[in-house]
Amino acid sequence: MSADPRLSDHERALYARQIRLPGVGEAGQLRLRDAKVLILGAGGLGSPVGLYLAAAGVGHLGIADPDKVEVSNLHRQIVHGFDTLGLPKTISAAEALGEINPGLKVALHPEGFTVENAAALVARYDLVVDGTDNFATRFLAADACVLGGRPLVHGSVLRDSGQVGVFLPKSGCYRCLYPAIPDAASVPTCADAGVFGATCGVIGSWMASEVIAILLGRRTAPRLLLVDVAAGSTRLLALSADPACPACGKAPSIRSLEKTAYAPPACPTPFPMSAAPLEITVEEASRLLAGPTPPVLIDVREPDEFAVCRIEGARLVPMNTVAARLAEIPQDRPVLVQCHHGGRSMKVTQFLRAKGFAQVSNLQGGIEAWSLRVDPKVPRY
Ligand SMILES: [Zn+2]
């Protein structure tokens, strides 16, 4: 806690437009001032996260990043500049953040976020925000936050899409969504992937908004936002805890951070690469299913729902059986996953992609949208 329980006149002037927002006020601004946030990665996502948290008056920021600023970073890592090329990113970022908020206290962790320091670092902060670009660190952050009882805001980007996950203690975690680190073989090389800097800005700004919302006590449930800038679409999914989760489930297998559990893949990247779109509209699905090489349609609803209605040709694989029935899902042809409204099937789609099934897509809107827009003979329920 800060020694001074009130805002100074300077702080009131500086944050006047924010303090007047509903749910903020002087009390909210004080909460932000007293908060300690650990930022993992001072890169494309960490840049906007750090800049907006500093500008919003979050009082204590930790920056963990072992890298130095390179010229190829600058198109997206806007906290750095030509004048800091070659410097450790922690120092470069701290200089920029200090200019935005001279009262900010910044702790530098140039050793990065490692198995050795993860638990101690997490314990020092109220919240962790992960903008790193590799699966090993991402899973390490997720597990360290579960074990340390800290909220985690996760973000990732690829090309012109990305996602933001909000995970709160005792209400599900990153591994509920992605149980295991993907195989290196399912991960593309760095040269294959690319990203627009502005997309990092979109996702990073959203991450900062979520951090502030958590600090102000405005988030009570975990959620996942999917953003496709090219399509101009966003999708917000409510997340639920998985009782079988290896990190936060009823009988967790992850009880400590072990070095061997976070072997980095061959090359860091946000997602397993897939040429297939993450989601397909019911109109497009109808066209594909009637085409010469139709996708395999997997219905992940429960048997009683399947009995009410189904899309012709769909195979029933209820969501809670998918992990045990992976062998039934083809890897060599397109797969379309479907449920009632598209929520459960999105979770399965993400799960299968993390398992290396690159050609899996979600049917947007599920069988409800199919009934409304493609085949009204399919009953709704
Ligand atoms: Zn979990």
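This dialogue walks through several features of a predicted model, one at a time.

Reader: I would like to begin with the metal; which residues coordinate the zinc ion?

Author: The zinc ion is coordinated by the SG atoms of Cys173, Cys176, Cys245 and Cys248, at 2.3 Å. When you read such a site, look next at how the donors are spaced along the sequence, which here follows the pattern C-x2-C-x68-C-x2-C. Within that pattern, cysteine 176 in helix α8 and cysteine 245 in the loop between β8 and β9 (279-280) are 69 residues apart, and this pair links distant parts of the chain.

Reader: What arrangement do the four donor atoms around the zinc ion make?

Author: The arrangement is tetrahedral, because the four donor atoms subtend angles of 94 to 129° around the zinc ion, and the cut-off for a tetrahedral site asks that all angles lie between 85 and 135 degrees.

Reader: Are cysteine 176 and cysteine 245 buried or exposed?

Author: Both cysteine 176 and cysteine 245 are buried.

Reader: Let us turn to charged side chains; how many salt bridges does the structure hold?

Author: Side chains of opposite charge can pair when their charged atoms come close. The structure holds 15 salt bridges, and a careful way to read one is to ask about its distance, its place in the chain and its exposure. In one of them, aspartate 143 pairs with arginine 175, and the closest N and O atoms are 2.7 Å apart. Aspartate 143 belongs to helix α7 (residues 135-148) and arginine 175 to helix α8 (residues 174-177), so this salt bridge ties together parts that are 32 residues apart in sequence. Aspartate 143 counts as buried because its relative accessibility is 1%, and arginine 175, at 7% relative accessibility, counts as buried too.

Reader: Which residue forms a salt bridge with glutamate 26?

Author: Glutamate 26 pairs with arginine 12, and their closest N and O atoms are 3.1 Å apart. Since glutamate 26 lies in helix α3 (residues 25-34) and arginine 12 in helix α1 (residues 9-14), the pair ties together parts that are 14 residues apart in sequence. Glutamate 26 is partly exposed at 27% relative accessibility, and arginine 12 is also partly exposed, with a relative accessible area of 25%. A further salt bridge joins lysine 377 to aspartate 375, with the closest N and O atoms 3.5 Å apart, and lysine 377 is exposed, with a relative accessible area of 73%. Salt bridges can also share partners, and in this way Asp9, Arg12 and Glu26 are joined into one network.

Reader: Now for the strands; in what sense do strand β7 and strand β8 pair?

Author: Strand β7 (residues 223-228) and strand β8 (residues 233-238) pair in the antiparallel sense, over six bridges. To follow the pairing in the model, you can find leucine 225, which stands opposite leucine 236 in β8. The two strands β7 and β8 form a hairpin with four residues between them, and glycine 232 in the turn has a positive phi of about 70°.

Reader: Finally, which residues form a nonpolar patch on the surface?

Author: That patch is formed by Val71, Phe82 and Leu85, which together have about 330 Å² of accessible area. Leucine 85 lies in the loop between β2 (60-64) and α5 (89-100), and at 35% relative accessibility leucine 85 counts as partly exposed.

Reader: Where does glycine 149 lie?

Author: Glycine 149 lies in the loop between α7 and β5 (152-158), and glycine 149 is partly exposed, with a relative accessible area of 37%. The C-alpha atoms of glycine 149 and valine 122 are separated by 8.9 Å, while the two residues are 27 residues apart along the chain.

Notes
Residues are numbered from 1 along each chain as its sequence is written. This is a predicted model: local features need pLDDT of at least 70, side-chain atom pairs count only at pLDDT 80 or more; totals for chains, interfaces and linings use all residues. Side-chain values use heavy atoms; hydrogens and water are left out. Two strands pair if DSSP finds at least two bridges between them. A salt bridge is a side-chain nitrogen of Lys or Arg within 4 Å of a carboxyl oxygen of Asp or Glu. Buried means under 20% relative accessible area, exposed over 50%, partly exposed in between (1.4 Å probe, protein chains only). Donors are N, O and S atoms within 2.8 Å of the metal (3.2 Å for Na, K and Ca); water is not among the atoms, so sites may look incomplete. Four donors count as tetrahedral if all angles lie between 85 and 135 degrees; four count as square planar and six as octahedral if opposite donors are over 155 degrees apart and all others between 65 and 115; anything else is irregular. Patches are made of residues with over 30% relative accessible area and no salt bridge: like charges are joined within 9 Å, nonpolar side chains (Val, Leu, Ile, Met, Phe, Trp, Tyr) within 5 Å. Accessible areas come from the Shrake-Rupley method with a 1.4 Å probe; for residues, only the protein chains shown count as cover.
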